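Student: I would like a close look at one part of this model, with its surroundings set out carefully. Please then place that part within the chain as a whole.

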Amino acid sequence: MPAIATAATTSHAAILGIGAYRPRRVVPNAEIVDLIDSSDEWIRTRSGITSRRWAQDDETIVSMSVAAARDALAAAGIDAERIDAVVLATSSQMVLGPSAGAVVASELGMHDTAAFDVSAGCAGFCYALGNAAGLVRSGQARHVLVIGVERLSDLLDPTDRTCAFIFADGAGAVVVGPSDTEGIGPVAWGSDGTQTAAIKQDKDFKTFFAEVAEAAGSGTAPERPYIRMNGAAVFRWAVTFLEKACRGALDKAGVTVDDLDAFVPHQANSRITDALVRALSLPDSVAVARDIAETGNTSAASIPMAMEQILRSGAAKPGDTALLVGFGAGLAYAGQVVTLPPLP
Ligand code: UT7
C-alpha cells in the first residue's frame, strides 16, 4: 500500500483584506410601513432599522459578490489568480446550480479554482470563515476568498409584518491567508434542527410549480415561496443561548472580553445586540457594530458588511481584536475571535 502524502500545513491564518457592496437603492421605513400596518417609530425602536438597501435587477448575487471581492482583494494586495478557493455563503441564490462561488470565481478571472457555497443562514459567513481558516492551516489552500451575500428582497412578502422590514440585500468579502501570528480563532459553532420552523422558506419550489400547473388557465396565481420567521422564538433563543456561544469563541481563542476592541454580531436586531453586550459585560471601550441601522438584516452578508462599516467609521481599526458571532436559520450559530483586516 503506498503512503499517502499530507498537504504541507501552516500554523496560522488571518483575514488579509475586506470589502463590501451596498446596493444603490436606499429603502426608508416609510416605504414599507403601509403594507404591514406599522410605523417608522415602531421599526426603529423594535429593531434599530431606519433604512435598508434592496438590490435592483442588475445587482445580482454574483455581481454584488464580485464587487465586494474586488475590494477585498485590493485591500489584501492579492491578485485573483492567487486565490485557491472561493467559499460563498448565501441563502438567497435562486438557482440550485451552478454554485454562485464557481460563477464568481470565473467572473473574477480565476481558473481551475476550488469553489463552493455554504448554506447556514445568518451564521453562513462565520461557518465559511471557519472553513477557510481550516483550508489554509491544513495546506489545502494558500489564499481563500470568503463571501457572504444575500438578495433577501427576492424572498420577502411585502405584507409580512415580521420579515418585510427586517431583511435586506448586500455583500461582504474577505481574503483569508497564512499569517505569522494567529488572526482567526477556533470557531465555536453548532445547530439545532429541531427549530427549523423558526426561520424558513414557507414552500418548496416543487410544491409551488405544482400549484402553478393546477392554477393554469384559472386566472389565479399561487403565492410564490417566501421567507417566514417566528420572530419572538428566534429573539428568545438569541438572547438566552448566544451568550454561551460567544463565551465559547472567547475561551477557544484564549481571550477575555477585556482583550476585545470590537464586537461584530450578526445584525439581526439592535435589541439582540444590546442584550449580548449586557450579558457579556463588555467594557465600554469595546466598539459595537451597529450597521443594522442603515443596512437592515442581510443574513450571511451582515457580519462582513458590519466589519467593513465599523472599520470605515474609524470606531475600530485594522489590527484590533474583534469577536464575531453569526446566528439564524437552522437554527445555527458560529462565532470566532479575529484580528480586523485592512480596508482597500
Ligand atoms: O437574522 C436571523 C435571525 N433573526 C432574528 O434574530 C430576528 C429576531 N426577532 C426579532 O428581531 C423580533 O422578534 C422582531 C423585530 C421581528 C419583532 O419584534 P417583537 O418585539 O418580537 O414583536 P412581537 O412579534 O413580539 O410583537 C409585539 C407587538 C405585537 O402587538 P401587541 O400584541 O403587543 O399589541 C404585534 O402585533 O408588536 C406588534 N407588531 C408590530 N407592530 C408594528 C408586530 N410586528 C409589527 C410591525 N409593526 N411590523
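Tutor: A residue is called buried when its relative accessible area is under 20%, exposed when it is over 50%, and partly exposed in between, with a 1.4 Å probe and protein chains only. This is a predicted model, in which local features need pLDDT of at least 70 and side-chain atom pairs count only at pLDDT 80 or more, while totals for chains, interfaces and linings use all residues. Residues are numbered from 1 along each chain as its sequence is written, and side-chain values use heavy atoms, with hydrogens and water left out.

The part I would choose is D291, which is found in the loop between β12 (287-288) and α8 (292-295); helices here are DSSP runs of H or I with at least four residues, strands are runs of E with at least two, and both are numbered from the N terminus. With a relative accessibility of 5%, D291 counts as buried. Setting aside neighbours within four places in sequence, D291 is in contact (heavy atoms within 4.5 Å) with R22, Q267, G296, M305, A306 and Q309.

Two of these partners, M305 and A306, lead to helix α9, whose buried residues are S302, I303, P304, M305, A306, M307, E308, I310 and L311. Because nine of the 11 residues of α9 (residues 302-312) are buried, this helix is largely enclosed by the rest of the structure. After α9 comes G314, which has a positive phi, near 90 degrees.

Two other residues make useful companions to D291. D261, in the loop between α6 and β11 (262-265), is partly exposed, with a relative accessible area of 31%. Not counting residues up to four places away in sequence, D261 touches S285, V286, A287, D320 and T321. W54, by contrast, lies in strand β3 (residues 51-54) and counts as buried at 16% relative accessibility. Its contacts beyond four places in sequence include P23, R25, L156, F167 and D169.

F167 brings us to the largest nonpolar core, a core being a set of buried Ala, Val, Leu, Ile, Met, Phe, Trp, Tyr and Cys residues joined through side-chain atoms within 4.5 Å. This core has 47 residues, and F167 is among those with the most contacts inside it, together with I227, L242, F263, L282, L323 and F327. Two or more core residues come from each of β10 (227-229), α6 (231-253), α7 (270-279), β13 (321-328) and β14 (332-339), with α6 giving the largest share, eight residues. In soluble globular proteins, nonpolar side chains tend to be buried together.

As for the whole, the chain has nine helices and 14 strands, and 53% of its 344 residues count as buried. Among contacts between residues at least 6 apart in sequence, 80% join residues at least 24 apart. Along its principal axes the C-alpha trace spans about 65 × 50 × 40 Å.
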